[in-house]
Amino acid sequence: MNKKNTLQAAMFAEMQNKDLFRKAKNHAFNYLNSAFDRTIFPTEKALQNLEKFEESMPEKSGNGEAIIDLLHLYGTPATIPYNGRYFGFVNGSMIPTSLAAKNLSIYWDQNAAMHIMSPITAKLELVVQNWLIELFGLPKHTVAGFVSGTSMANLAALTAARFRLLKNKGWDVTEQGLFGAPKIRVVTHTHIHSSILKAISLAGFGKANIESVDCDEHGRIIPENIPELDDSTLLVLQAGNVSSGAYDNFEVICKTAKEQGAWIHIDGAFGLWAGATKRLKHLTKGFEHADSYAVDGHKTLNTPYDSGVILCQDEEALVSALHTSASYLESTNQREGMYYTPEMSKRARAIEMWAALKYLGKEGIDEMIFGMHERAKEFARGLQNIEGFEVLNDIVYNQVIVQCETDELTLAVMHKIQELRECWAGGATWYGRKVIRISVCSWATTSEDVNRSVASFEKAYKHVVGV
Ligand SMILES: *Cc1c(COP(=O)(O)O)cnc(C)c1O
């Protein structure tokens with residue numbers, strides 16, 4: 001055997017004695033012990049201590065255990081914990097089995113690009129694809145790509161739409177590009193998520209070309225205002241408004257839009273999961289007539305980050321839009337993960353989604369998602385029963401939006417809530433007014449968490465108005 005150089009020897013030793021990994025695991029387990037009673041946002045001191053990481057790039061190689069300790073010492077206190085009182089953005093928690101499966105697979109360190117690079121990942125991608133089709137009740141020919149999140153799923157879907165709509169006009173966009181291509185119309189609405197606007201711009205459609213349809217007071221597209229569509233139209237709808245949780249009326253819109261020849265994409269980052277439940281399924285009624293869907297694992301399904309899925313009923317369009325080939329990429333008759341995603345090398349993220357779905361089962365998904373809905377309703381009721389807050393939306397899903405008498409008061413109360421660190425909620429603008437957004441997105445949120453949080457809202461309000 002060759003004499004190993006010192007760096008190599010050190011790394012072999014680390015792999016063998018595993019002290020490094022044991023250390024990381026111990027820190028991680030301590031984190032799990034305290035995750036549910038940590039303050040919901042780092043203290044000022046923890047934030048200040050992040051300066052410790054501002055050092056110049058080391059000249060010499062370091063000591064692994066010291067690096068893990070450093071990360072723990074100043075990193076752990078500056079995390080946002082995933083307990084049941086975090087209501088910011090649409091941040092999910094994670095199912096323990098899903099996290100544990102991810103842990104195991106991290107040691108495998110698989111590349112999910114191709115079957116030949118990781119047979120286990122390829123198998124689980126296929127299994128999860130089939131389960132998702134069954135859960136959402138989509139046609140058997142639907143395909144799934146495992147991407148980093150809904151932003152990437154939206155982009156992948158829009159490139160598939162672009163391919164199909166132009167192909168129907170006799171134009172191959174993968175070869176000929178967009179210069180001189182027949183025009184594609186993009187119809188969506190004023191409440192569509194910003195990641196759709198980003199995808200529209202990345203896909204070369206241009207945000208200025210959007211035909212933007214007005215929404216009703218819930219943030220749903222008004223079906224009667226949708227212009228006449230045709231076979232050169234991309235229609236983008238939404239399952240779950242990021243503030244109100246409202247769903248576009250797929251039942252009324254999708255069948256007609258399909259008959260008119262449009263490609264329909266649905267952004268269902270957190271909302272699509274209602275379609276996998278018994279008790280909230282009515283919200284997604286008619287969505288099976290769409291062509292493509294974007295959905296996250298890391299929001300309401302509570303897989304760890306990063307986990308999103310593009311579901312597409314037109315395999316040829318998706319694969320044509322994203323496919324690449326090169327002589328060194330051995331082609332097999334297998335399903336190759338990278339044909340369905342923009343990335344080539346990527347993490348085996350289907351593993352933790354498989355674990356979450358296998359653990360929950362259909363009943364568990366229904367219980368967890370409906371539980372989030374019930375906690376959201378409890379939150380809204382709780383706020384309606386105290387002074388100072390007005391709930392603005394119907395709680396159809398997991399989102400609550402509230403405001404105080406004035407925008408100034410709303411902002412001041414929100415900042416006070418954040419400062420109290422008992423729970424965390426962020427803000428948004430809703431029809432010109434400042435609001436506080438509450439997203440119940442964690443399996444861990446209990447009625448007790450809701451009561452504690454409502455109490456914190458009350459305390460913050462009283463503090464700000466000085467009573
Ligand atoms: C979060 C979200 C996105 C973006 O998803 P990422 O997973 O953060 O990329 C898109 N649409 C909606 C409705 C969302 O809530």
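## A salt bridge between two domains

In this predicted model, the side chains of Arg-421 and Glu-44 come together in a salt bridge, with a nitrogen-to-oxygen distance of 3.6 Å. That distance qualifies because a salt bridge requires the nitrogen of Lys or Arg to lie within 4 Å of a carboxyl oxygen of Asp or Glu. Between domain 1 and domain 3, the count is 1 salt bridge. The count of residue pairs in polar contact between these two domains is 2.

On the side of domain 1 that touches domain 3, the residues comprise 4 nonpolar, 2 polar and 1 charged.

## The division into domains

The protein is divided into three parts: domain 1 covers residues 6-81, domain 2 covers 100-357, and domain 3 covers 364-465. Glu-44 falls within the bounds of domain 1, and Arg-421 within those of domain 3.

The centres of domain 1 and domain 3, taken over C-alpha atoms, are separated by 34 Å. To the contact, domain 1 contributes 7 residues and domain 3 contributes 6 residues.

## The area buried at the contact

How much area do domain 1 and domain 3 bury between them? The value is about 510 Å², and 67% of it lies on carbon and sulfur atoms.

Three residues of domain 1 deserve mention here. Phe-36, Ile-40 and Phe-41 together provide 79% of the area that domain 1 buries against domain 3, which is more than any other three residues provide.

## The cysteines

How many disulfides does a search of the whole structure find? The search finds 0. Cys-254 takes part in no disulfide, and the nearest cysteine sulfur, belonging to Cys-312, is 14 Å away. A disulfide requires two cysteine sulfur atoms within 2.5 Å, so a separation of 14 Å does not qualify. Cys-254 is also buried, with a relative accessible area of 0%.

Cys-423 is likewise in no disulfide. For Cys-423, the nearest cysteine sulfur is that of Cys-404, at 13 Å. Is Cys-423 buried or exposed? Cys-423 counts as buried, because its relative accessibility is 0% and the term applies to values under 20%.

Definitions and conventions
Residues are numbered from 1 along each chain as its sequence is written. This is a predicted model: local features need pLDDT of at least 70, side-chain atom pairs count only at pLDDT 80 or more; totals for chains, interfaces and linings use all residues. Side-chain values use heavy atoms; hydrogens and water are left out. Domain bounds come from an automatic or database domain assignment. Contact means heavy atoms within 4.5 Å. Buried area is the accessible area (1.4 Å probe) that two parts lose on being put together, summed over both. A polar contact is a pair of N or O atoms within 3.5 Å; within protein, one must be able to donate a hydrogen and the other to accept it, and residues adjacent in sequence count only if both atoms are side-chain atoms. Ala, Val, Leu, Ile, Met, Phe, Trp, Tyr, Cys and Pro count as nonpolar, Asp, Glu, Lys and Arg as charged, and the others, Gly among them, as polar. Buried means under 20% relative accessible area, exposed over 50%, partly exposed in between (1.4 Å probe, protein chains only).
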